[in-house]
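I opened this entry to look up ring pairs and charge pairs between side chains. My notes follow in the order in which I checked them.

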Amino acid sequence: MSQDWIRTARRLATATPNRPLQSDLRRAVSTAYYALFHTLARDAANRLVGAESKVPHSPAWVQVYRALDHGTARTACEQVRRQSFSPSLNACADAFVSLQKERHKADYDPDYRTSRPEALALVTQAESAITAFNAADATERRAFLVHLIFNRRR
């Protein structure tokens, strides 16, 4: 599924051969962020409830999938370096924060403009973050996802 999001983002960024439309580039930036976001949400549901193939979109699976909150996850990603996560998950967290900032600008700032190379660089950043996340140890990925979803009580 994440590769579908990445392909869509690349297609949007390269849709017009000569002079890309800002609307296509902005949607490409937004879609790149969502590729990473939905990768994390899907993996969280699969790891915490069970693989989709075994429990296809059960209420519990959907609840965990939907539990990934954009703001909570961003705050958690900003704090990841204080935890003991691997460099690949640190890179994933850094990408999440930067991609979310760009997505907010692309979606909400009427003056936001980007170029095709900038949009494609963000798509590549999302793809690299997904690869880094998937390369991490399964136990560490679960801990990372729990860190993103649940508030830590002190």
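I began with Y33 and looked up its exposure: the relative accessibility is 0%, so Y33 counts as buried. The model is a predicted one, and I read every value below as computed from that model.

Next I looked for the ring partner of Y33. I found F37, with the ring centres 6.0 Å apart and the planes at 35 degrees, which makes the pair tilted. Both residues lie in helix α2, 4 residues apart, so about one helical turn separates Y33 from F37. I then checked F37 for exposure and noted a relative accessibility of 6%, so F37 is buried.

**Aromatic pairs**

How many aromatic pairs does the count come to? I noted 8 aromatic pairs. I looked up W5 with Y34, a tilted pair with 6.3 Å from centre to centre and 35 degrees between the planes. This pair links distant parts of the chain, since W5 sits in helix α1 (residues 2-13) and Y34 in helix α2 (residues 22-48), 29 residues apart.

Is W5 buried or partly exposed? I found a relative accessible area of 26%, so W5 is partly exposed. Y34 has 18% relative accessibility and counts as buried, because the cut-off for buried is under 20%.

I then asked which residues the ring pairs link into a cluster. I wrote down W5, Y33, Y34, F37 and F96.

**A charge over a ring**

I looked up what sits over the ring of F133. I found the charged end of R141 there, 5.5 Å from the ring centre.

**Salt bridges**

I noted 9 salt bridges in the structure. I went through three of them, starting with D107 and R27, whose side chains meet at 3.2 Å, N to O. D107 belongs to helix α5 (residues 87-108) and R27 to helix α2, so this salt bridge ties together parts 80 residues apart in sequence.

I checked the exposure of both partners. D107 has a relative accessible area of 25% and is partly exposed. R27 is also partly exposed, at 41%.

I then looked up R103, which forms a salt bridge with D107 at 3.1 Å, N to O. R103 and D107 are 4 residues apart in helix α5, so about one helical turn lies between them. Is R103 buried or exposed? I found a relative accessible area of 5%, so R103 is buried. I recorded R27, R103 and D107 as linked in a network of salt bridges.

The last salt bridge I looked up joins the side chains of E78 and R74, at 3.7 Å, N to O. I placed both in helix α4 (residues 70-78), where they are 4 residues apart and therefore separated by about one helical turn. E78 is partly exposed, with a relative accessible area of 44%. R74 is partly exposed as well, with a relative accessible area of 26%.

**Recap**

I went back over helix α2 before closing the entry. Y33 and F37 pair within helix α2, Y34 of helix α2 pairs with W5 of helix α1, and R27 of helix α2 is paired with D107 of helix α5.

Key: Residues are numbered from 1 along each chain as its sequence is written. This is a predicted model: local features need pLDDT of at least 70, side-chain atom pairs count only at pLDDT 80 or more; totals for chains, interfaces and linings use all residues. Side-chain values use heavy atoms; hydrogens and water are left out. Rings of Phe, Tyr and Trp (its six-membered ring) pair if their centres lie within 6.5 Å; planes under 30 degrees apart count as stacked, over 60 as edge-to-face and the rest as tilted. Helices (H or I, at least four residues) and strands (E, at least two) are DSSP runs, numbered from the N terminus. Buried means under 20% relative accessible area, exposed over 50%, partly exposed in between (1.4 Å probe, protein chains only). A charge sits over a ring if NZ of Lys or CZ of Arg is within 6 Å of the ring centre and within 35 degrees of the ring normal. A salt bridge is a side-chain nitrogen of Lys or Arg within 4 Å of a carboxyl oxygen of Asp or Glu.
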